[in-house]
Amino acid sequence: MKHTVSTVQKQKERGEKIAMLTAYDYSTAKLMDESGIDMILVGDSLGMVMLGYEDTISVTMADMIHHTAAVSQGTKDALVVADMPFMSYQTSVYDAVSNAGRLMKEGRCQAVKLEGGKALCPQIKAITEASIPVVAHIGLTPQSVNALGGFKVQGKSEEAARKLIEDAKAVEAAGAFAVVLECVPAKLAAMISEMLTIPTIGIGSGGGCDGQVLVYQDMLAMFSDFKPKFVKHFADVGSMMKSGFQAYMEEVKAGSFPAEEHTFRIDDDVIEKLY
Ligand code: KIV
C-alpha cells in the first residue's frame with residue numbers, strides 16, 4: 001500500500017503508531033521499503049553519517065537532491081520526505097518554495113521537512129499552497145546548533161514549554177501535515193501530540209508521540225562517533241560489517257577468494273593460440 005499524507009493522517013486517527021527511518025541511498029531505501037516502513041526521511045543528518053561533517057550546516061541542495069533521487073528510486077510504498085538544508089528556506093518565502101520544488105521535481109520526494117516554528121510559518125504556508133506537503137520540525141533543531149549553544153533538550157522551563165506548544169499549533173495552522181519533535185521532554189511531547197490533529201513524529205521525545213524516527217546508522221550501530229541517549233541499537237550491523245570486511249581480507253590474502261565458482265571460463269585452445 002502506498003503511504004500518503006492522508007494514510008499517515010488516518011494512522012493518527014486510528015491511534016496506529018507511525019514508523020519512520022532515515023535513508024540516503026537506493027539499496028538501503030529498498031530494504032526499508034520492503035520491510036514495510038511507513039515513511040522514509042532523507043535527512044540532512046547525511047552531513048554527519050554519510051559525509052563525516054560535525055553538523056548539518058554545510059549540507060547543500062545538491063547533496064539533498066542527489067541522495068533524495070537515490071532513495072526515491074528504491075522506494076515503492078513508503079512516503080519519502082526530503083530535508084530542506086540550512087539556508088535553502090530561511091532566506092525568503094521565494095527561496096523556500098523554489099527549493100522545495102527542486103527537491104520534489106529533481107529528487108522525486110513526496111514531501112519536504114524544514115526546521116522552525118512560528119517564524120517559519122510564512123514558508124510552510126507558501127510551500128503547502130504550492131502543493132508540496134510539509135513536515136515541520138521543532139524542539140532541538142540541529143541547523144540552529146550555533147544559536148542554541150549545542151545539541152540540548154528543549155522546552156524544559158515553563159516559558160520554553162509554552163513557546164514549543166505555540167510553535168506546534170502555529171505550524172499545524174500554517175498547513176504542515178506532520179511535525180517532528182526532537183529532544184522534547186516526554187510529558188510535554190505527549191501533551192503536544194494530544195493537542196494537535198496532525199501526527200507528531202518523535203526523536204528523543206518519548207513514547208507519547210504519534211510516531212518515531214531514528215537515523216538508520218544509529219539504530220543499526222553503524223555510526224560510532226557518538227550515541228545520543230535516545231538511540232537504541234536494534235541490530236549490531238556495524239560489527240557484522242567489520243567481520244565481513246575482515247573475512248574478505250583474510251580470503252584475499254590467503255588466495256582462497258575468488259574460488260572456481262566466482263570466475264569466468266575461456267576455452268583452452270583460445271588461450272593456447274595466444275602463446
Ligand atoms: O536529519 C535528520 O535525520 C532529522 C531527523 C533525525 C529528525 O532531521
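Visitor: How far is a polar side-chain atom of D83 from an oxygen atom of the ligand?
Guide: This is a predicted model. A polar contact is a pair of N or O atoms within 3.5 Å. The D83 side chain supplies a polar atom, and the ligand supplies an oxygen; the distance is 3.0 Å.

Visitor: How much of the ligand's accessible area does the protein cover?
Guide: On its own, the ligand has 260 Å² of accessible area. The share of this that the protein covers is 95%.

Visitor: What is the distance from a polar side-chain atom of S45 to an oxygen atom of the ligand?
Guide: Take D44 beforehand: an N or O atom of its side chain is 3.0 Å from a ligand oxygen. For the polar side-chain atom of S45, the distance to a ligand oxygen is 2.5 Å.

Visitor: Where does the ligand sit?
Guide: The residues around the ligand include T22, L41, K113, H137 and V215. By class, this shell has five nonpolar, four polar and three charged residues. The ligand's site is the largest pocket.

Visitor: What length does helix 11 reach from its first C-alpha to its last?
Guide: Helix 11 covers residues 237-254, which is 18 residues. At 1.5 Å a residue, 26 Å is expected. The helix comes close to that, at 25 Å.

Visitor: Which peptide bond is cis, with omega near 0°?
Guide: Follow the chain on from helix 11. Just after this helix, G255 has a positive phi of about 80°. P258 lies in the loop between helix 11 and helix 12 (268-273). The cis bond leads into this proline: F257 to P258.

Visitor: What is phi of R108 near?
Guide: R108 belongs to the loop between helix 5 (93-107) and strand 4 (111-115). Its phi is positive, in a residue other than glycine. The value is near 60°.

Key:
Residues numbered from 1 in each chain as written. Predicted model: local features only at pLDDT ≥ 70, side-chain atom pairs only at ≥ 80, totals over all residues. Heavy atoms only, no water. Near = heavy atom within 4 Å. Polar contact = N/O pair within 3.5 Å; in protein donor to acceptor, adjacent residues only side chain to side chain. Areas by Shrake-Rupley, 256 points an atom, 1.4 Å probe, with all protein chains shown as cover. 1 Å grid on protein atoms, 1.4 Å probe; cavity = no way out; pocket = protein on both sides within 12 Å on 5 of 7 lines; lining within 4 Å. Sits in = over half its atoms within 2 Å of the grid points. Nonpolar A, V, L, I, M, F, W, Y, C, P; charged D, E, K, R; others polar. Helix = DSSP H or I, 4+ residues; strand = E, 2+ residues; numbered from the N terminus. Expected span 1.5 Å × (residues − 1).
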